[in-house]
Amino acid sequence: MNKFVLTLYITGQTPKSQRAVANLHRICEDDLGGQYEMRVIDVLDHPQLAEDDKIIATPTLIKELPPPLRRIIGDLSNTEKVLLGLDLQPTEGFQGIVVESKT
Amino acid sequence: MNERVADISKIPTGIEGFDFLASGGLPVGRTTLVSGTAGSAKTVFAVQFLAEGIRKFDQPGVFLTFEETPGDIRLNMASLGWDIAAFEKAGKWLFVDAAPQPGEESVVTGTYDLGALLARIEHAVTRISAQRVAVDSLGAIFTQFADANLVRGELFRIGSALKQMGVTAVMTAERTEEYGEISRYGVEEFVTDNVIILRNVLESQKRRRTMEILKFRGTLHHKGEYPFTVMPGEGIIAIPLAAIQLKQKSSYVRISSGTTELDRMCGGGFFRDSIILVSGATGCGKTLLTTEFIGGGATQGERCLLFAFEESRDQLFRNASGWGKDFAAMEDAGLLQVISVYPETASLEDHLISMKSAIQTFKPNRVAVDSLSALERVSTSKGFREFVIGLTSFIKHQEVGGMFTATTPGLMGGESVTEAHISTITDSIILLRYVEMFGEMRCGLTVLKMRGSMHDKEIREFTIDGHGMHIHQPFRNVTGILSGQPRHVTRDEVERMGGMFQED
């Protein structure tokens, strides 16, 4: 499995931010098999980084690697959607549907 | 009321004409919504607000874009004369780029807010100590995020944060109709203090741009729609026509019309700062009268400026030499400038602005426009009237004499549309008419009106030769010249009519 490089932007230590961080930790451990590198950036401390990455909404998760680059906006409460955003198949059945639609 | 007005100070935008309409500029430390349909120059307004702030007042500005990329804006605005890249290099301009990223998909899961955007704006404002912020355009952020209510709430938060930062901001928003609700997505609900509407109305196949200050809470401004134009190298120029005050000075000094006999008919010449309208059918001597007017000025060492909208420079010079006037020599002596353009090359607003700047540069004593009717072709009647008012009042403020010509549609008489629009604005009206007499066309001239002076009321015959215009005796035994139906009366009848009004 490829290694995931992820950056999570949050604004301050709000409940929403904390929820997003916790959700991301859980998904990384459960679904990425520990193959990940993760940064959490608070835009209040590093606004220039947010500017460079053109972050508008928070929380925003950026998947830098493996390509393609993806942004996932929100507190990551829906695991299936997050995995879809990370180009991972959430379930076996779901993968089947994707394969079918591709052929 | 007066105290309250004094409470809210204004910041001049630097947009020509607008600051006058806004009685000083935009309210300091507040947000102003600039709303308009597609192509109504909203982005230009937003960019100009920042650019002029930097150029004229050395106030740094932050530009938040939701729609075009900074690269596109730099490129598009270069043609209007603003070098944004140079402003950026000087640390006076900062972009906050919130334009949609092409080819990048984003997934939304769970709740979010626009806290990052707010943090970036605050960061940018602090970094260059910005005093001005422009946001372009609010509608585009609604297309990036599905949850309109959330976006509205967040924009409200950004609006109040801007207020707390003490910056003066301009936000643009889209409208779907020229005369309908203020903006799409109801964004005016959170920037309620000040609203400006830019319009780009299609009227009789011609585009007409206007701006209206809908509200400026707690402060004064001029009401109603005012035309504006976007000029290359200048940006938006508003034309505060209806707000012009009638306070020009008026002079008793007479100037020569160039023809001694006409001077006599006018009681000694035209007043120095008066506007004279010359009306007549095609070919009956309007350009000649203009040429005489210029010749009369030049012989007294006055500077004359001629705007020609019907004939080319060469044609005018040839005509003038046929009437014994040497335009080339006058030009060499620096007494004459001829500007010859086709009316169709620009909109009327643009013509007005370039004419004003030509007058300011050349500083003439006399201005002639030949002919106004040609300009009427390129505008709506309302636009034309505003143009004439704008031009007349500008000329009068410069305290120079002006001569305008207007062409009547019929050969024999009647009045032109131009005349109907502007006759009350002009100080003097001279009518030129064809008179048919015994199978021959002759030319007649009369001074119909002359404000503030006695004048000859007769209709006189005039002839044209290699020395110009010669005015002769009145048409004694013809009636109905002005109505276009000349009728001969016998000498007996003239005497009888005269006798009827004589007191014994």
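Which helix gives the most to the lining of the second largest cavity? That's helix α10 (residues 286-299) of chain B, with four residues; helices here are DSSP runs of H or I with at least four residues, strands are runs of E with at least two, and both are numbered from the N terminus. Before going on, bear in mind that this is a predicted model, where local features need pLDDT of at least 70, side-chain atom pairs count only at pLDDT 80 or more, and totals for chains, interfaces and linings use all residues. Residues are numbered from 1 along each chain as its sequence is written, chains are lettered from A in the order in which they are written, and side-chain values use heavy atoms, with hydrogens and water left out.

Back to that cavity. A cavity is a set of points, on a 1 Å grid over the protein atoms alone, where a 1.4 Å probe fits but cannot get out, and its lining residues have an atom within 4 Å of a point. Points are joined across faces, edges and corners, and the volume is the space filled by probe spheres set on them. There are two cavities of 30 Å³ or more in the structure, and the second largest has a volume of about 30 Å³. Its lining includes T287(B), T290(B), T291(B) and I294(B), along with L306(B), L316(B), F327(B) and D370(B). By class, that lining has four nonpolar, three polar and one charged residue, with Ala, Val, Leu, Ile, Met, Phe, Trp, Tyr, Cys and Pro taken as nonpolar, Asp, Glu, Lys and Arg as charged, and the others, Gly among them, as polar.

D370(B) turns up again in the backbone: its peptide bond to S371(B) is cis, with omega near -5°. S371(B) sits in the loop between β18 (366-370) and α14 (372-376) of chain B. Over in chain A, the bond from T58(A) to P59(A) is also cis, with omega near -5°, and P59(A) is in the loop between α2 (47-52) and β3. Then there's S23(B), not a glycine, yet with a positive phi of about 50°. Most residues other than glycine have a negative phi, and most peptide bonds are trans.

Now for where the chains meet. Counting heavy atoms within 4.5 Å as contact, 26 residues from chain B and 28 residues from chain A take part. The buried area, meaning the accessible area (1.4 Å probe) lost on putting the two together, summed over both, is about 2,300 Å², with carbon and sulfur atoms giving 54%. Three salt bridges run between the chains, each a side-chain nitrogen of Lys or Arg within 4 Å of a carboxyl oxygen of Asp or Glu. One pairs R120(B) with E51(A) at 3.1 Å, N to O. On the chain B side, α6(B) gives the most, with seven residues, and the classes come to twelve nonpolar, eight polar and six charged.

Over all chains, the salt bridges number 32. Among them is K63(A) with D87(A), at 2.6 Å, N to O. K63(A) lies in strand β3 (residues 60-65) of chain A and D87(A) in the loop between α3 (79-85) and α4 (92-102), so this pair ties together parts that are 24 residues apart in sequence.

Technical notes
1 Å grid on protein atoms, 1.4 Å probe; cavity = no way out; pocket = protein on both sides within 12 Å on 5 of 7 lines; lining within 4 Å.
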